[in-house]
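Student: Got a minute to go through this model with me? I'd like to start with one of the helices and then get to the core.

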Amino acid sequence: MQLSHLCFADDLILFCNGDFRSIYTLLQGFQIFSHASGLEVNKEKSKVYYTSMEESDITRDTDVSGFKVGSLPFRYLGAPISTTKLNAKDCQILVEKMVKRIRVWSTRHLLFAARCQLVNSVLMSIHVYWGQIFLLPKGVLKEVNAICRYFLWSGSHNDARPGAVSWEHLCKTKATRGLGLRDTCLWNIIATGKLALAVS
């Protein structure tokens with residue numbers, strides 16, 4: 001077979017046109033892979049998603065493939081997959097993860113330096129995965145900043161009292177007398193901009 005690379009994945013998404021010929025070719029690819037590797041697609045755990053197709057075509061393709069029909073949005077590796085832009089409701093899980101961490105930490109009476117380290121290395125990292133593949137809503141990014149700011153100054157996730165120094169100043173580098181915290185809005189634009197460069 002002269003294989004150069006062989007990759008196994010628990011989760012896999014394959015895309016094709018909605019015409020029957022493309023779908024049939026994709027299914028043939030499944031069979032070739034199965035014969036070569038001995039692995040088979042678990043049709044009970046697999047789903048097929050259609051968009052902008054006639055109901056008759058969907059029924060025919062579903063009968064041929066044997067897969068269940070799924071509905072959008074769905075989650076893939078923890079991230080929501082949808083045909084529309086993410087809204088604040090889709091990203092609420094990010095906020096909940098941050099608040100959950102802070103509730104655990106708030107019982108430990110951490111010093112300011114420790115809270116600063118947790119903000120930079122843990123809280124800011126929670127949104128990094130999504131922030132590299134989606135342009136997150138500005139409202140969500142502002143909420144992320146607010147939660148980090150509340151925790152940094154008060155050790156809580158909902159203490160809205162103003163801090164001693166503005167958040168913008170804290171996001172400056174340590175060389176310019178900041179704390180080197182991440183500007184989430186700017187970072188999100190730069191991180192997703194890499195995808196545009198990769199495609200071009």
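Student: Which residues of helix α2 are buried?
Tutor: This is a predicted model, and in it the buried residues of α2, which runs over residues 55–65, are Ile-58, Asp-61, Thr-62 and Ser-65.

Student: Why do those end up on the same side of α2?
Tutor: Because they cover an arc of only 100° around the axis.

Student: And which residues are exposed on the other side of α2?
Tutor: Ser-56 and Asp-63 are exposed there.

Student: OK, what covers the buried residues of α2?
Tutor: The cover includes helix α1 (20–37) and strand β2 (68–69).

Student: What follows α2?
Tutor: Gly-66 does, and its phi is positive, near 85°.

Student: Switching to the core: how many residues are in the largest nonpolar one?
Tutor: That core has 29 residues. The ones with the most contacts inside it are Val-119, Leu-123, Leu-136, Cys-148, Trp-167 and Leu-181.

Student: Which elements give two or more residues to it?
Tutor: Those are α3 (92–105), α4 (112–126), α6 (138–154) and α7 (167–170). The largest share, seven residues, comes from α6.

Student: You mentioned Leu-181. What is it in contact with, leaving aside neighbours within four places in sequence?
Tutor: Leu-181 is in contact with Cys-116, Val-119, Asn-120, Leu-152, Trp-167, Leu-170, Cys-171 and Lys-172.

Student: And what does the second core include?
Tutor: That one is separate and has six residues, among them Leu-27, Val-48, Tyr-50 and Phe-67.

Notes. Residues are numbered from 1 along each chain as its sequence is written. This is a predicted model: local features need pLDDT of at least 70, side-chain atom pairs count only at pLDDT 80 or more; totals for chains, interfaces and linings use all residues. Side-chain values use heavy atoms; hydrogens and water are left out. Buried means under 20% relative accessible area, exposed over 50%, partly exposed in between (1.4 Å probe, protein chains only). Helices (H or I, at least four residues) and strands (E, at least two) are DSSP runs, numbered from the N terminus. The arc is that of the directions from the helix axis to the C-beta atoms. Contact means heavy atoms within 4.5 Å. A nonpolar core is a set of buried Ala, Val, Leu, Ile, Met, Phe, Trp, Tyr and Cys residues joined through side-chain atoms within 4.5 Å.
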